[in-house]
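I opened this notebook to record what I looked up in the structure, entry by entry. My questions were about confidence, the fold as a whole, one helix, one pocket and a few single residues.

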Amino acid sequence: MRTLKLGLALGAGGTKGAAHVGVMKVLNEAGIPVDAIAGTSIGALYGGVLAVGRSAQEMEDGIRTCPPLDVVRFFQHRLKIRHQNRLARRFYEALAGHNIEDLAVPYAATASDIVAHSHVALTRGPLIDAIEASIAIPLIARPVAHQGRYLLDGGFWECAPVDAAAQLGADLIVAVELGTPFTLPINLRTPAGWLAQRLAGVPTHRTIAGVPFSINAFTRDLQPGRTADVVIRPSLGRVRGNSPFHMTRCLDAGIEAATEAVPAIRALLAGESPAAVARDFVAAPQLRPDPGLA
């Protein structure tokens, strides 16, 4: 009997990413193994911590006890995991010395190539380098030079990196979406494009180099990718991704949403058809059966 491999696709969302830890906690307590992890931005960070073997419980404890000032300082220090602030040190202690290709769990961090204006999945090399590129929010962090590219935050392209999870060999993909990539209204795209052209000559290693890239990203239409089999959207209300004061609330929202999704995940892993599961899973409309698995 063929065993289906479950992949997690963890989306961007800044401090709202604490919800990812809630989802991981529920899956672990439900005895549902994670066989592959693809993350973008904050999803790459928490997903990387899980991929090196740290537990969701350890991450939950860290979130519940993390002073908001530690989060603020992490942002002030340009989201560098190697920086000497308390939150950065905790991540560094978990991630240092690991190469992606050596992890027991297949892993990918997605980022944005600001020269090619393309989405890239990082599946080899030092884990910290890949994560720092994936979480490098424009104007907060400088573009990260990595494997011949200049990279920034990966959250411009999709709600969660479902395609990257599929490329890691996952048969069943659970996506955790914390928001939708921003796009400018049609009437603002022409003047925004003019501004991006004016700034196009900024050296790629400068912090401001993220501005023309971001403008160009905001002015293009999102391209639909593969649909996840189960989409978990924690109820986060109006929490902002740069707020250090609501992480526990986001964590609890992730726990609640994942708990609702567990029956569907179990059923799909057991080989039930997506169409039948969708009919039964009326309490959680975030289920999106992938026609390819029907």
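Before placing anything in a loop, I noted that helices and strands here are DSSP runs, with at least four residues for a helix and at least two for a strand, numbered from the N terminus. With that in hand, I could place Leu139 in the loop between α6 (127-134) and β5 (144-146).

Entry on confidence. I am working with a predicted model, and I therefore looked up the confidence before reading any detail, since pLDDT is the predictor's confidence in each residue. The mean pLDDT of the protein is 86, and 79% of its residues reach 70 or more. Over residues 289-294 the pLDDT is below 50, although this stretch has twelve contacts in the model beyond near neighbours in sequence. I made a note to myself that, where pLDDT is low, predicted coordinates should not be read in detail.

Entry on the fold. I looked up the elements and found eleven helices and eight strands in the protein. Of its 294 residues, 52% are buried. I also checked how far along the chain the contacts reach: among those between residues at least 6 apart in sequence, 72% join residues at least 24 apart.

Entry on α1. Helix α1 (residues 18-29) has twelve residues and reaches 17 Å from its first C-alpha to its last, which is close to the 16 Å expected at 1.5 Å a residue. I then asked how many of the residues of α1 are buried. The helix is mostly covered, with ten of its twelve residues buried, and the buried ones include His20 and Lys25 as well as Val21, Val23 and Leu27. The cover over these buried residues includes the strands β1 (6-10), β7 (172-176) and β8 (230-232), together with the helices α2 (42-51), α3 (56-65) and α10 (247-269). Just after α1, Gly31 takes a positive phi of about 75 degrees.

Entry on the largest pocket. I looked up its volume, which is about 1,100 Å³. Of the 48 residues that line this pocket, the closest to its centre are Gly13, Gly14, Thr15, Ser41 and Ile42. Which helix gives the largest share of the lining? That share, six residues, comes from α3, and the helices that each supply at least two lining residues include α4 (68-76), α5 (86-95) and α9 (210-218). By residue type, the lining divides into 26 nonpolar, 13 polar and nine charged.

Entry on positive phi outside glycine. I looked at two residues under this heading. Arg78 has a phi near 65 degrees, a positive value in a residue other than glycine, and its place is in the loop between α4 and α5. Arg78 counts as partly exposed because its relative accessibility is 31%. Leu139, the loop residue I placed at the start, has a positive phi of about 75 degrees although it is not a glycine. I asked why Leu139 counts as exposed; the reason is that its relative accessible area is 55%, where exposed means over 50%.

Entry on Ile265 and Asp229. Ile265 lies in helix α10, and it counts as buried because its relative accessible area is 0%. Leaving out residues up to four places away in sequence, Ile265 touches Leu6, Leu27, Ile32, Leu172, Val174 and Val230. Ile265 and Val174 are 91 residues apart in sequence, yet their C-alpha atoms are 8.0 Å apart in space. Asp229 lies in the loop between α9 and β8, and its C-alpha is separated by 8.6 Å from that of Ile265, 36 residues apart along the chain. I asked whether Asp229 is buried or exposed; with a relative accessible area of 2%, Asp229 is buried.

Entry on Leu127. The place of Leu127 is in helix α6, and at 0% relative accessibility it counts as buried. Not counting residues up to four places away in sequence, I found Leu127 touching Gly48, Val52, Leu95, His98, Asn99, Ile100, Leu103 and Tyr107. Of these contacts I looked up the spacing of one: Leu127 and Leu103 are 24 residues apart in sequence and 9.3 Å apart in space, C-alpha to C-alpha.

Terms used:
Residues numbered from 1 in each chain as written. Predicted model: local features only at pLDDT ≥ 70, side-chain atom pairs only at ≥ 80, totals over all residues. Heavy atoms only, no water. pLDDT = per-residue confidence, 0-100. Contact = heavy atoms within 4.5 Å. Expected span 1.5 Å × (residues − 1). Buried < 20%, exposed > 50% of the residue type's maximum accessible area, 1.4 Å probe, protein only. 1 Å grid on protein atoms, 1.4 Å probe; cavity = no way out; pocket = protein on both sides within 12 Å on 5 of 7 lines; lining within 4 Å. Points joined across faces, edges and corners; volume = space filled by probe spheres on them. Nonpolar A, V, L, I, M, F, W, Y, C, P; charged D, E, K, R; others polar.
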